[in-house]
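Biologist: I am new to this structure and would like a close look at a single part of it. Could you take me through one helix and then show me how the rest fits around that helix?

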Amino acid sequence: MAKEIVWTPNCKENYKDIIEYLLDISSFETALKFTIQLEDWLEILSKNPFLGISNPTFISVQKLLIPPHNQLAYTVIENQIILLNIVDTRK
């Protein structure tokens, strides 16, 4: 059964920053492509919650690379996947 995806305010803000960055350096199409790709990864993640790699510092935090330049940090609590942070690794 798929788990519910829950965005923290911090993760929402970082997502917004990435979209603004993509709009500044590229185009609307690039930002849209990123959004679609992220939605696809979140769909996969909802069905495979332990797809990411465990963080050695915080065991309950998983990290997932969203190719080519983004990293998503999340944790799984019961039937939810809590998105903690998304980072553009180019910055």
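**A close look at helix α1 and its surroundings**

Modeller: Happy to! Let us begin with two charged residues, Lys16 and Glu13, which both sit in helix α1, three residues apart, or about one turn of the helix. Please keep in mind that this is a predicted model. The side chains of Lys16 and Glu13 meet in a salt bridge, with 3.7 Å from N to O. That distance counts because a salt bridge needs the nitrogen within 4 Å of the carboxyl oxygen. Both partners are partly exposed: Lys16 has a relative accessibility of 41%, and Glu13 has a relative accessible area of 39%.

Helix α1 also carries Tyr15, and here the aromatic rings come in. The structure holds two aromatic pairs. In one, Trp7 and Tyr15 meet edge-to-face, 5.6 Å centre to centre, with 65° between the planes. In the other, the rings of Tyr15 and Phe34 have their centres 6.1 Å apart and their planes at 25°, so this pair is stacked. Tyr15 in helix α1 (residues 9-25) and Phe34 in helix α2 (residues 28-47) are 19 residues apart, and their pair links distant parts of the chain. Taken together, the ring pairs join Trp7, Tyr15 and Phe34 into a cluster. Its members are covered to various degrees: Trp7 is partly exposed, with a relative accessible area of 26%, whereas Phe34 is buried at 5%.

From Phe34 we can step into the interior. The largest nonpolar core has 17 residues, and Phe34 is among those with the most contacts inside it, along with Leu45, Leu72, Tyr74, Leu83 and Ile86. Helix α1 is one of the elements that give two or more residues to this core; the others are α2, β3, β4 and β5. The largest share, five residues, comes from α2.

Some nonpolar side chains are found at the surface instead. Leu23, Phe28, Leu32 and Ile36 make a nonpolar surface patch of about 370 Å². Helix α2 gives the most to this patch, with three residues. One residue of the patch, Phe28, lies in helix α2 and is exposed, with a relative accessible area of 55%.

Helix α2 has a salt bridge of its own. The side chains of Lys47 and Glu43 meet with 3.1 Å from N to O. These two residues are four apart in helix α2, so about one helical turn separates them. Lys47 is exposed at 52%, while Glu43 is partly exposed at 43%. A search of the whole structure finds three salt bridges; one of them joins Asp88 and Arg90, at 2.9 Å from N to O. In that pair, Asp88 is buried, with a relative accessible area of 4%, but Arg90 is partly exposed at 37%.

Finally, let us look at the strands. Five of them form an open sheet in the order β1-β5-β4-β3-β2, with mixed pairing. Strands β1 (4-7) and β2 (53-54) stand at the edges, each with a single partner strand, so one side of each has no neighbour in the sheet. β1 pairs with β5 in the parallel sense over four bridges, and Val6 has Ile82 in β5 as its bridge partner.

Notes. Residues are numbered from 1 along each chain as its sequence is written. This is a predicted model: local features need pLDDT of at least 70, side-chain atom pairs count only at pLDDT 80 or more; totals for chains, interfaces and linings use all residues. Side-chain values use heavy atoms; hydrogens and water are left out. Rings of Phe, Tyr and Trp (its six-membered ring) pair if their centres lie within 6.5 Å; planes under 30 degrees apart count as stacked, over 60 as edge-to-face and the rest as tilted. Buried means under 20% relative accessible area, exposed over 50%, partly exposed in between (1.4 Å probe, protein chains only). Patches are made of residues with over 30% relative accessible area and no salt bridge: like charges are joined within 9 Å, nonpolar side chains (Val, Leu, Ile, Met, Phe, Trp, Tyr) within 5 Å. Accessible areas come from the Shrake-Rupley method with a 1.4 Å probe; for residues, only the protein chains shown count as cover. Two strands pair if DSSP finds at least two bridges between them. A nonpolar core is a set of buried Ala, Val, Leu, Ile, Met, Phe, Trp, Tyr and Cys residues joined through side-chain atoms within 4.5 Å.
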